Structure formats: C-alpha cells, structure tokens
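Notebook open, model loaded. I want to look at how the inside is packed, then at one loop position.

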Amino acid sequence: MTDTAKRHHVVVIGSGFGGLFATKGLKRSDVDVTMIAKTNHHLFQPLLYQVATGILAPGEIAPATRDVLSGQKNARVVLGEVTDIDLANKTITSKIQRRETVTSYDSLIVAAGAGQSYFGNDHFAEFAPGMKSIDDALELRGRIFGAFELAELAETEEERERRMTFVVVGAGPTGVEMAGQIAELAHRTLRKDFRRIDTTKARVILLDAAPQVLPPFGKKLGEVTKKSLEKRGVEVILGGLVSDLDERGLTVQFKDAEPMRIESGCKVWAAGVQASELSTTLSEQTGASLDRAGRIAVNPDLTLPGYPEVFVVGDMIALDNLPGVAQVAIQGGKYAAKTIKGRLAGKPQLKPFKYFDKGSMATISRFSAVVKMGNFTLSGIIAWFMWLAVHLAYMTGYRNRVYALGHWLVSFLGHGRSERVITETQIFARRAINRLDGGTAAVASAPADWNKVRAKLEAKAEQESALTDSGKRGTHESAAG
Ligand SMILES: Cc1cc2nc3c(=O)[nH]c(=O)nc-3n(C[C@H](O)[C@H](O)[C@H](O)COP(=O)(O)OP(=O)(O)OC[C@H]3O[C@@H](n4cnc5c(N)ncnc54)[C@H](O)[C@@H]3O)c2cc1C
C-alpha cells in the first residue's frame, strides 16, 4: 500500500467533470490523490433528461467512480459529503450518515459543482424537482410516467387535463430537451399504450421569463428551436415569471398582462443554478467575493487569494463570465492538476487559465438539434448527429457507450423506451428523508451505538430461534398450517 504520509497529498472534492479530470490528470504523478464526493458515481449531467424520460438507465450515465479510477493506483475514493474546509489547518471534514472523517491535504482542488436555484422560492422544490442528480431524474421519471397512469384513472375531464399538463420551467438547453422528450413520449411512445386516455392530447408547456428560447445560442437558433418545439406539440410561453407553485399547478406573472394560473400535476424545474455551499465556506475564510449564483471569484490561475495550494474549478467559479458548462470544468480540472505537477517538478508557473470554447449544442427531439460553434450555427438532422457523436465521445466507459447507443437505436428508430420502471420510492422516499431532522443519519445508528444495536439484534435472533425450535415459528408452523 502507498504511504500517504510521505508523498504530496492532493484532495479533490467532487466526482463530476472537474473532479474526475483533475484526478485523472494526476495519474502519472508522484502524489497521492483522495477524491471525496457525496455520490459514488461520476454523473454525466447532460444526459439526465434521458434517464428522466425512460431512454437510458442511471448506470449508463453514472458509472461508479471506483470503477472508473480502479486502474489509477495513486487515487483513493472516499464517499462522504464535505461539511467543512479548514484552510488554515489544511483539513477537510466529510460526513456519511453519522460517521465523520477528517482528511489532511497539501493541495486541494474543489469541484463541488452547483445545485438548482429556485430564486428564493425553495418550497417550489417539493412539487417541481430540478435536474441535477440521479435522484432528481428518477423522481421526475416517476412523476412523468405516473402522470399518464393517474390520468388513465381520472374520473373527471378536469382532472385528466390537469394530470396530462406538463410544465417545464426554464427554456435553456435542459428545459428544451425535457419539453421535447415529454412531447415525444406523449405523441409517439405512449400513443398506443392506454385505453381511456389519448396521450397525444397531453399539454406540454415550456415556460421562461426571458423573451427567447435558448438565450446563449442567439436569436436565430432560439427562433428555430421555438418553431421546432411548436411543430412537435410544445406550447412555448415566454416573458412569464413563476410567482407561485403548488401541488396542483402554478401561477405565472407577466409584465403587461394578468397573472395566469396553469393547472398541472407534473412540473419540472430547469431554471437557475446555485453554486455549492462550499463556496460560502471558502469565501468566509479568504474574503473572495461571491456572485448572485453563489460562485466564488478565483485568481486567474484558479487558486484562492492567499491560498495558492487551493484550486476551485467548474461550476463553482466566477471568472471572466465563464459559462457553467462541462468543458469549463474539464479544462479547469486538467489545469489545476498540471499546475500541481509543475510546482512539484520545480517548473515555472503556468500561464493564467484560458478556456477554449468548443461550442454548445442542444437536442430538440429525435433527429433535431442546434449547434453553435463561435459564429458557426447549425440546426436539424446533421446537428443531431453531431450531438450524438459528441455525447458518445464524452461518455465515460466503452461499455456505457455501447449500451447507450443500443438504447438510442431502440428509442429513436423504434417507438420503445426500455427504462420505464417507476416506483413510489422514486417519488416519495426522498421527500420523506428530507422531512427527517438529520436526513439519513436519523435512520442510521451512530458508531457508538453499534454494540447496543448488535446486542439487540442478537437477543432478537435468539428469541426467534427458540420459537422455531419449539415449533411456534418457521417451517414447523407453516407445515402445520
Ligand atoms: C441537466 C443538465 C444538463 C447539462 N447539459 C450540458 C451540456 O449539454 N453541455 C455542457 O457542456 N454542460 C452541460 N451541463 C453543465 C455541466 O454538466 C456542468 O457544467 C458540469 O457538470 C460542471 O462540472 P463540475 O465538476 O463543476 O460539477 P459537477 O459535475 O456538478 O460535479 C460536482 C460533484 O461534487 C459533488 N459534491 C457536491 N457537493 C459536495 C459536497 N458538499 N461534498 C462532497 N461532494 C460534493 C457531487 O456529488 C459531484 O460529484 C448540464 C448540466 C445539467 C444539470
């Protein structure tokens, strides 16, 4: 086993794009790397909407980080949510259930990403999940397919309409992709599966406060996307701000018109991001400012003021108006790894971090996408094939690429969707856990209680076996019955 005490120790927080590429960037270095992340997988967020709409299975876009890094002998993976970063003492505290772990570092790379922002209306989250995690995608899958099931059972036309009204809030790439896929489900995939409802009558609404769809793609592509969505049965409502949202629907406020109430059983929140709370911890200790989305201002070399050994990369940073996209995180992670390697080798400091923009793309529906690369723009089927090639190339693992390609053939050429399993757990378990003080820690025993719990279980086992021996339980009882 490697002696972690002797070698330079790099701690990486997060197993997303920034964290993974930073860790891989240190593969052939004379350092030990500990990656601490609150999920056991590396999530390919751009394809979350396909898990939510039954095209892909979670494992295809979220391979286990241990598996991905199994060949990298200097890397160790630790599961846990980082609750504190102590810059003065160079320690990280992470927690899983009630177990707390403190890890020391020589260099630190923070890549904890961003969560959903409800713009101060966090209570909306209960009825309009965001799209940031596998839990989110599975909950949405449960809600989307569940909405059709409940519509089939509805006793009144009013209820049927409410159940079959889907509202996606936020007309960025994620919102466009979700709305396009829900419309495809309603108009194509589920068309023949129900007996009492006509799924093609479902209302799919894409809503945004901005005056156009896909603002970062420019006016022309925004208009192309809007028309393409409308052709596929999506209603696009622009310039409307969600002022209220509850279990049964939402209220939309307009600048020069009366508020509009939309009755809807299934809402998806794809608007706004908020950087990980770890940026606040870092800001308090360094004085680095936070922007409105909670992103922390970093030096041009991605370090924190006064702490050259601490790098922050990806969605958490505010630097030169860089967008919250995968390439910023990937390139930032690689840059931080290269800087650490260079320092240890006594090489001169690298030039400031420079982002190379490889372009953006979004799918509208099958065989339809938009692509923007600098001034070059493209839409339609060729753009869709470009989207397909790029996403296949960036997925982690050969196996996942093969599985995903198979599922895409089934879904896009045929009518099927192989990942339509829904369970009540997907929708309700997370809500139940969130209501517990202390979350999952409230249902797990503390290490100090282990002996007590074990003694209780052993006593119970003895009791049970005595009942079995006396013929009051187990095979004797059922044989008698
Ligand atoms: C639905 C969706 C679609 C997207 N589509 C595209 C796209 O098409 N193209 C594109 O370029 N970008 C897209 N993005 C953006 C892109 O995914 C992000 O910019 C990128 O993932 C950022 O990488 P990151 O490493 O900063 O954060 P993430 O990839 O979010 O990783 C953060 C990591 O930190 C961990 N973490 C968070 N908090 C803690 C904590 N306290 N303790 C321990 N671990 C923690 C998380 O578990 C995770 O492993 C999309 C994002 C979403 C949500």
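**Cores first**

I looked up the largest nonpolar core in this predicted model, and it holds 66 residues. The residues with the most contacts inside it are Leu-47, Ile-61, Ile-144, Phe-148, Met-178, Trp-387 and Trp-408. Helix α5 (residues 134-153) gives this core its largest share, nine residues. I also checked the domains: at least three residues of the core come from each of domain 1 (8-116 + 274-344) and domain 2 (122-271 + 359-431).

Next I picked Trp-387 and listed its neighbours, skipping anything up to four places away in sequence. Trp-387 touches Leu-47 and Trp-408, plus Tyr-49, Gln-50, Glu-177, Met-361, Thr-363 and Ala-369. Apart from the largest core I found another one of 42 residues, including Leu-278, Leu-302, Val-312 and Ala-337.

**Annotation check**

The unreviewed UniProt entry puts "domain: FAD/NAD(P)-binding" on residues 9-333. I computed that span as 30% helix and 29% strand, with its end C-alpha atoms 16 Å apart.

**Ser-117**

Where does Ser-117 sit? I found Ser-117 in the loop between β8 (114-116) and α5. Is Ser-117 buried or exposed? Its relative accessibility is 8%, and the cut-off for buried is under 20%, so Ser-117 counts as buried.

For contacts, I again left out residues up to four places away in sequence, and Ser-117 touches Trp-269, Ala-271, Gly-272, Val-273 and Gln-274. Closer along the chain, I noted a polar atom of the Ser-117 side chain 3.2 Å from the backbone nitrogen of Phe-119.

Methods: Residues are numbered from 1 along each chain as its sequence is written. This is a predicted model: local features need pLDDT of at least 70, side-chain atom pairs count only at pLDDT 80 or more; totals for chains, interfaces and linings use all residues. Side-chain values use heavy atoms; hydrogens and water are left out. A nonpolar core is a set of buried Ala, Val, Leu, Ile, Met, Phe, Trp, Tyr and Cys residues joined through side-chain atoms within 4.5 Å. Buried means under 20% relative accessible area, exposed over 50%, partly exposed in between (1.4 Å probe, protein chains only). Helices (H or I, at least four residues) and strands (E, at least two) are DSSP runs, numbered from the N terminus. Domain bounds come from an automatic or database domain assignment. Contact means heavy atoms within 4.5 Å. UniProt positions are given in the numbering used here, feature names are shortened, and annotations may be inferred rather than shown by experiment. A polar contact is a pair of N or O atoms within 3.5 Å; within protein, one must be able to donate a hydrogen and the other to accept it, and residues adjacent in sequence count only if both atoms are side-chain atoms.
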